[in-house]
Amino acid sequence: MQTHEYIHMPVIAMRGVVILPNEHVGFDIGREMSLAAAKNSILNFDGKVILVCQKEAHKTDVTAQDLYTVGTLCKITQMAKGPSVLTARVFVDALERVEIAEFNFDGEYITASGISYTEPKCEDPLHETLRRRMSSLFLEYCALSKRFLPEQISAIENITQLGAYADAICALTLQKTEYRQKVLEKFEPIQRLNTVYELLSFELEVAKLDNQVEILTKRNLDKNQRDYYLNEKIKAIKQELGDTQNKEIEKFKQRMENKLLPEAVREKLQSEISRLESLPVSSHEAPNIISYVELVLDLPWTEATDDNIDLAVARQILDRDHFGLEKVKQRIIEHLAIAKLTNNLSGQIICLVGPPGVGKTSIASAVAEAVGRKFVRMSIGGIDDEAEIRGHRRTYIGAMPGRVINAMKQAKTINPVILFDEIDKLTKNIHGDPAAAMLEVLDPAQNKAFRDHYLELPYDLSKVMFIATANSLDTIPRPLLDRMEVIEVPSYLEHEKTQIALRHLVPKQLEKHGLANCDVEIDENTIITLIRDYTMEAGVRELERVIASLCRKLSCDLLEGKDINAQPLVDRITDYLGPAKFKRNAAILNPAIGVVNGLAWTAYGGETLPIEAQVMAGNGKIEITGNLGEVMRESAHAAVTFIRANAEELGIDSEYFAKHDLHIHALSGATPKDGPSAGIAITTAITSAITGKPVKPCLAMTGEVSIRGEVLPIGGLREKLLGALRAGITTVIVPNANRADVSDLDQRLLAELEIIYVTNTLEVLKAALLDEIPPTVPHDSIHSSVTMAQ
């Protein structure tokens, strides 16, 4: 007869483990409540504790609803240190079933009140009949599965009690938590045995089916197919069970049904998903196919944003984010106006060209905001592999799509604004020419069906608005440049930098350094000093770094209790930032013989390029130094030819060149230089050195010279004039052919410079050379040549 007893004991919640009576098991515990329950059980309950399985194993914090109401009363036989510091290993003997009436979570561990049931003795002949029936099934299952030792089977068969016999078979053969819990909840031995019989019968049928599938599979295999045994077995299992798709494939199919796709794309997806279905999970091809299908489903094929081209709003956004650059902004507005009238915003590709730090990237971002499109920036500077643009073919391990397709995936629409940043810095090597791949991307006639090597499907880029940025047009291949409309973004004038700093940079840095709500003011005079003495750039990046450095110094003074407003900030700049980093060259402030300020254009804006000439006794040798390129060397020879051809008119003896050597040098010898625009500067320096006539102070010049003395037009005039202005130049000689370029310049720039237009070299020399040294200039300040004209 079954007896029962009311008990109240600690509880340990088990994750995915059901322990049956008469089992001897060990397990690890790590939760604080479980550790406390085990310790208290040993101290106060003679090691007895109730083990209850959680309904969901992943939960850490459990409630009464998370636990089954039938558990196992166990006795802890040993408790030792676990594999980690915060865990313990517990060994228990399972005693009886417990039907729990109530859980208590108020203490430091869980307790439960319930009834424990002892196992009744079974001597009814019916019990023996049921036992023999169970034994036959058990032995058949053991013979088929071949997983159990003879000793284990023999030990179970020697158990006489019906309930214990059912528990032992369940413990050995049934591993699923829900099966074991179902058996645990059967208090009557006959019900328990019938439950075990039912569950084991199902497992036997599964084992038989598995055996049949294995036999069928082996029959279909030949010697060359034995390596694919697992694949065939899985396919056979799926065929028998009627399960032809897993959750991941179902998800792909559902996404494909819900997404509007071109027919060719849909067919390709169906083909790849069908191929995935035929592969085993362990196949090395499966991850590649999954990645490909995910890419195709993630790409936008028909999704688009609505364009909202409002010229007034566009102008407002451009004015909000950019001070100055009026001509650039007007070009952008004109481009948008044409796009609105033609209803085609993606026709012409814009290329913003200008020195670093002048706002090219932010202009592109503002354009995207103005038209209501997604904006994606793609830096392509330094790319030297065509596969970065077109992607890798899927035959390669680790193949990936190109950056263009990834940008479209990021945008999630088929009509974003994509910025190709630093397009002039594309390089090429043995892996191909990325610039050639960009031709297909940027050509409206080809990008309607752009083919990425990884995607292997034509992708429509015709609705994308492409914008590119570059520092120089010289390194952009001509075919690529022909596909873009170039908009030059010029260098900033000093007053423009000042306003940008006051409106944008200073508030940003004050906020970043926690000074926005403090009594800190960086005024206009301070900004002008920073621009003139601590920066030498076309844009404002270095200016922002200098302002940030100043803010850091002010933050320290503020926290140290110093009065930061005791004197004007402009008077303390040297205390914070040290002495001025950029000083005007003294040579340009005084008349000099054989030294002329040329003007150079660089990717960072314009700057002065001093050209020196020196003559000495010799036999007519001409030496040219200063890391000059071939074009600039040819300009030097052209200058010498002109001077020799016009020696009489210039007051030079016809035999002079046969008796003297000439050395021409461009300063900053570590920097490569090239281009024809230093022609008149070289001519003037040589003439000054030979004749002994000093060059006027604060003068610079730019222009190409021919051997007949004609002054030819040059490029980059605005940047060169800005460079001259920054260096303290007051007068600039430029080719008359560039007069139209000067008329387009900002009037504030022209107000600070005297521009002299020339058509030939004689006019240059007349405007640049002094007949004698001014009496206000000491003679020893003049850089004299060694040999004067005879």
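## Getting to know this predicted model

Q: Is cysteine 698 buried or exposed at 16% relative accessibility?
A: At 16% relative accessibility, cysteine 698 falls under the 20% cut-off. In this predicted model, cysteine 698 therefore counts as buried.

Q: What is the positive phi of cysteine 698?
A: Cysteine 698 sits in the loop between helix H24 (679–691) and strand S18 (699–701). This residue is not a glycine, yet its phi is positive, at about 55°.

Q: In which loop is the place of asparagine 627?
A: Here's another residue that has a positive phi without being a glycine: asparagine 627, at about 60°. Look for asparagine 627 in the loop between strand S16 (622–625) and helix H22 (630–645).

Q: How does asparagine 627 count, with a relative accessible area of 37%?
A: Buried means under 20% and exposed means over 50%, with partly exposed in between. Asparagine 627 has a relative accessible area of 37%, so the label is partly exposed.

Q: How many helices and strands does the secondary structure of the protein chain come to?
A: There's a lot to look at here, since the protein chain has 790 residues. Its secondary structure comes to 28 helices and 22 strands.

Q: What radius of gyration does the protein chain have?
A: Start with the spans: along its principal axes the C-alpha trace covers about 140 × 75 × 60 Å. A compact globule of 790 residues would have a radius of gyration near 28 Å, but this chain has 44 Å.

Q: What percentage of the 790 residues do buried residues make up?
A: On the outside, the protein chain exposes about 39,400 Å², with carbon and sulfur atoms supplying 50% of it. As for the residues tucked away, the buried share of the 790 is 48%.

Q: How far apart are the mean positions of the positive and negative charges?
A: The protein chain carries 88 positive and 110 negative charges. Take the mean position of each set, and the two are apart by 3 Å.

Q: Which side chains of strand S8 point to one face and are buried?
A: In a regular strand the side chains alternate between the two faces of the sheet. Strand S8 (residues 375–379) shows this: Phe375, Arg377 and Ser379 point to one face and are not buried. Pointing to the other face, and buried, are Val376 and Met378.

Q: Which residue in S9 stands opposite serine 379?
A: S8 and strand S9 (residues 417–421) run parallel, joined by five bridges. Across from serine 379, in S9, stands aspartate 421.

Q: Which residues does lysine 329 touch, not counting those up to four places away in sequence?
A: Lysine 329 lies in helix H12 (residues 326–342). At 7% relative accessibility, it counts as buried. Leaving out residues up to four places away, lysine 329 touches Leu318, Asp319, His322 and Gly324.

Q: With which residues is isoleucine 527 in contact, leaving aside its neighbours within four places in sequence?
A: Isoleucine 527 is in helix H19 (residues 524–534). With a relative accessible area of 0%, isoleucine 527 is buried. Neighbours within four places aside, its contacts are Thr498, Ala501, Leu502, Val506, Ile522 and Ile547.

Q: How far apart in space, C-alpha to C-alpha, are valine 615 and isoleucine 680?
A: Valine 615 lies in strand S15 (residues 605–617) and counts as buried at 1% relative accessibility. In sequence, valine 615 and isoleucine 680 are 65 residues apart. In space, C-alpha to C-alpha, the distance is 18 Å.

Methods. Residues are numbered from 1 along each chain as its sequence is written. This is a predicted model: local features need pLDDT of at least 70, side-chain atom pairs count only at pLDDT 80 or more; totals for chains, interfaces and linings use all residues. Side-chain values use heavy atoms; hydrogens and water are left out. Helices (H or I, at least four residues) and strands (E, at least two) are DSSP runs, numbered from the N terminus. The radius of gyration is taken over C-alpha atoms; the globule rule is 2.2 Å times the number of residues to the power 0.38. Buried means under 20% relative accessible area, exposed over 50%, partly exposed in between (1.4 Å probe, protein chains only). Accessible areas come from the Shrake-Rupley method with a 1.4 Å probe; for residues, only the protein chains shown count as cover. Lys and Arg count as positive and Asp and Glu as negative; His and the chain ends are not counted. The place of a charge is taken as NZ of Lys, CZ of Arg, CG of Asp or CD of Glu. Two strands pair if DSSP finds at least two bridges between them. Contact means heavy atoms within 4.5 Å.
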